[in-house]
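Please load the model in your viewer and keep the selection panel at hand. The stops below go from one selection to the next.

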Amino acid sequence: MKRVMVNCFIRIPKRPWLLLCLITLLATAPRNARAADFCVAVNGGFGSGGTTFVGKGFLPPTHGTCKTWAGIVKTASTVVGTSAGAACLSDDGELLTITLQTTDPAFFGSGTSVTDHIELCPRASTLGCPGSSGQFDHGSFFSGPAAQVTCTKAVTSIPSVHD
């Protein structure tokens, strides 16, 4: 591999080397380098009276697969909880289901976790939503209409002081 990289960067690559260089670069690039935060607003989201779940560096799964989720939950004005779980995309790509456990001892109580089961429809604008209640969070603490939203710094930041 070292020889390939040297030839890619030092020599002027000819056609066979160009393909090999491209394949090598794509194969060795960190997968998460392309990952961004993924945000889901419930009841309007954080800052609008609701809650926002943030999957840190989360890329949605491909059709018929699941991926792990790790991130935060922001609600009220200063509450930041920690969430973990899984997200699965249906075979046809019409329903993304995210199930999360969230903890925040100062907010929920020591030793208490809450569960959220969020249904999102990535292609709802063209195909409708097969979710049981449309795009919705069926949570044990948070519950209500849900939607994927653009992540903002106010939502994705993790302050050192919070409850």
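Is Cys88 buried, partly exposed or exposed? This is a predicted model, and in it Cys88 has a relative accessibility of 27%, so that residue counts as partly exposed.

Keep Cys88 selected and add Cys66, to which a disulfide joins it with an S to S distance of 2.0 Å. The link of Cys66 and Cys88 is right-handed, with 110° about the S-S bond. Cys66 belongs to strand β3 (residues 66–75) and Cys88 to strand β4 (residues 79–89), so this pair ties together parts that are 22 residues apart in sequence.

A search of the whole structure finds two disulfides, and for the other stop select Cys39 and Cys151, whose sulfur atoms are 2.1 Å apart. Cys39 sits in strand β1 (residues 38–42), while Cys151 is found in the loop between β8 (143–149) and α5 (153–156), so the pair ties together parts that are 112 residues apart in sequence. This link of Cys39 and Cys151 is also right-handed, with 120° about its S-S bond. Cys39 is buried at a relative accessible area of 1%, whereas Cys151, at 25%, counts as partly exposed.

Next, select Phe38, Val40, Phe53, Trp69, Ile98, Ile118 and Leu120, which touch the most other members of the largest nonpolar core, a set of 18 residues. Strands β1, β3, β4, β5 (96–103) and β6 (113–120) each supply at least two residues of this core. Apart from it lies another core, of five residues, including Val54, Ile72, Val80 and Val155.

Now centre the view on Phe38 and, leaving aside its neighbours within four places in sequence, display its contacts, among them Phe53, Val54, Pro60, Trp69, Leu120 and Cys151.

Aromatic rings make the last stop, with a count of nine aromatic pairs. In one of these, Phe38 and Trp69 meet edge-to-face, 6.1 Å centre to centre and with 85° between the planes. Because Phe38 lies in strand β1 and Trp69 in strand β3, the pair ties together parts that are 31 residues apart in sequence, and both residues are buried. Phe141 and Phe142 form an edge-to-face pair as well, with 5.0 Å centre to centre and 85° between the planes. Here Phe141 is partly exposed at 46% relative accessibility, while Phe142, at 7%, counts as buried. To finish, extend the selection to Phe53, Phe107 and Phe108, which ring pairs link with Phe141 and Phe142 into a cluster.

How values were computed:
Residues numbered from 1 in each chain as written. Predicted model: local features only at pLDDT ≥ 70, side-chain atom pairs only at ≥ 80, totals over all residues. Heavy atoms only, no water. Disulfide = S-S within 2.5 Å. Helix = DSSP H or I, 4+ residues; strand = E, 2+ residues; numbered from the N terminus. Buried < 20%, exposed > 50% of the residue type's maximum accessible area, 1.4 Å probe, protein only. Core = buried A, V, L, I, M, F, W, Y, C linked by side-chain atoms within 4.5 Å. Contact = heavy atoms within 4.5 Å. Phe/Tyr/Trp six-rings, centres within 6.5 Å; stacked < 30°, edge-to-face > 60°.
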